[in-house]
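Got a minute to poke around a protein together? Have a look at the structure below, and then we'll take it one question at a time.

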Amino acid sequence: MEDVDSPVTDVDGPIEDADERRQIGEVQERLIAAYADQPTQTVADAVEAAYRHFDGIRVRDFVPLLVERRANAALSGNGSGAMADSHLAPPHHDE
């Protein structure tokens with residue numbers, strides 16, 4: 001039986017979640033800029049709630065995108081808000 005609390009692994013070993021956390025941080029930064037009229041903590045809470053919604057999901061490839069969409073919808077108040085502008089995204093350190 002598989003331990004559901006163990007880290008998700010691939011054929012090479014544990015998958016690092018540091019990159020996912022970095023991406024979630026970038027989502028938070030974009031949404032803070034997009035929702036400048038709302039308190040920063042409100043935006044951070046929406047992002048964290050959206051991120052926690054995907055706890056336990058084994059396939060993590062699209063979690064940052066889904067978190068952004070879910071948090072954006074929650075912050076827009078109508079569930080169908082547009083995505084934050086991608087030009088507000090900070091550059092990746094690898095670029």
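Q: Which residues does Leu75 touch, leaving out those up to four places away in sequence?
A: Keep in mind that this is a predicted model. With the close sequence neighbours set aside, we're left with the partners from elsewhere in the chain. For Leu75, those are Leu31, Tyr35, Gln38, Thr42, Val43 and Ala46.

Q: Which helix gives the most residues to the largest nonpolar core?
A: That core has 14 residues, and Leu75 is among those with the most contacts inside it, along with Leu31, Val43, Val47, Val67 and Ala71. Three elements give two or more residues to this core: helix 1 (18-34), helix 2 (40-53) and helix 3 (63-76). The top giver, with 5 residues, is helix 2.

Q: What pattern do the helices and strands follow along the sequence?
A: Let's start with the parts: the protein has 3 helices and 2 strands. Now read along the sequence, and you get β-β-α-α-α.

Q: Is Phe62 buried or exposed?
A: First find Phe62, in the loop between helix 2 and helix 3. Together with Leu65 and Leu66, Phe62 makes a nonpolar surface patch of about 270 Å². The cut-off for this label is over 50% relative accessible area. Phe62 has 55% relative accessibility, so Phe62 counts as exposed.

Q: What percentage of the protein's residues count as buried?
A: Here we want the residues under 20% relative accessible area. The protein has 95 residues in total, and the share that counts as buried is 25%.

Terms used. Residues are numbered from 1 along each chain as its sequence is written. This is a predicted model: local features need pLDDT of at least 70, side-chain atom pairs count only at pLDDT 80 or more; totals for chains, interfaces and linings use all residues. Side-chain values use heavy atoms; hydrogens and water are left out. A nonpolar core is a set of buried Ala, Val, Leu, Ile, Met, Phe, Trp, Tyr and Cys residues joined through side-chain atoms within 4.5 Å. Buried means under 20% relative accessible area, exposed over 50%, partly exposed in between (1.4 Å probe, protein chains only). Helices (H or I, at least four residues) and strands (E, at least two) are DSSP runs, numbered from the N terminus. Contact means heavy atoms within 4.5 Å. Patches are made of residues with over 30% relative accessible area and no salt bridge: like charges are joined within 9 Å, nonpolar side chains (Val, Leu, Ile, Met, Phe, Trp, Tyr) within 5 Å. Accessible areas come from the Shrake-Rupley method with a 1.4 Å probe; for residues, only the protein chains shown count as cover. A salt bridge is a side-chain nitrogen of Lys or Arg within 4 Å of a carboxyl oxygen of Asp or Glu.
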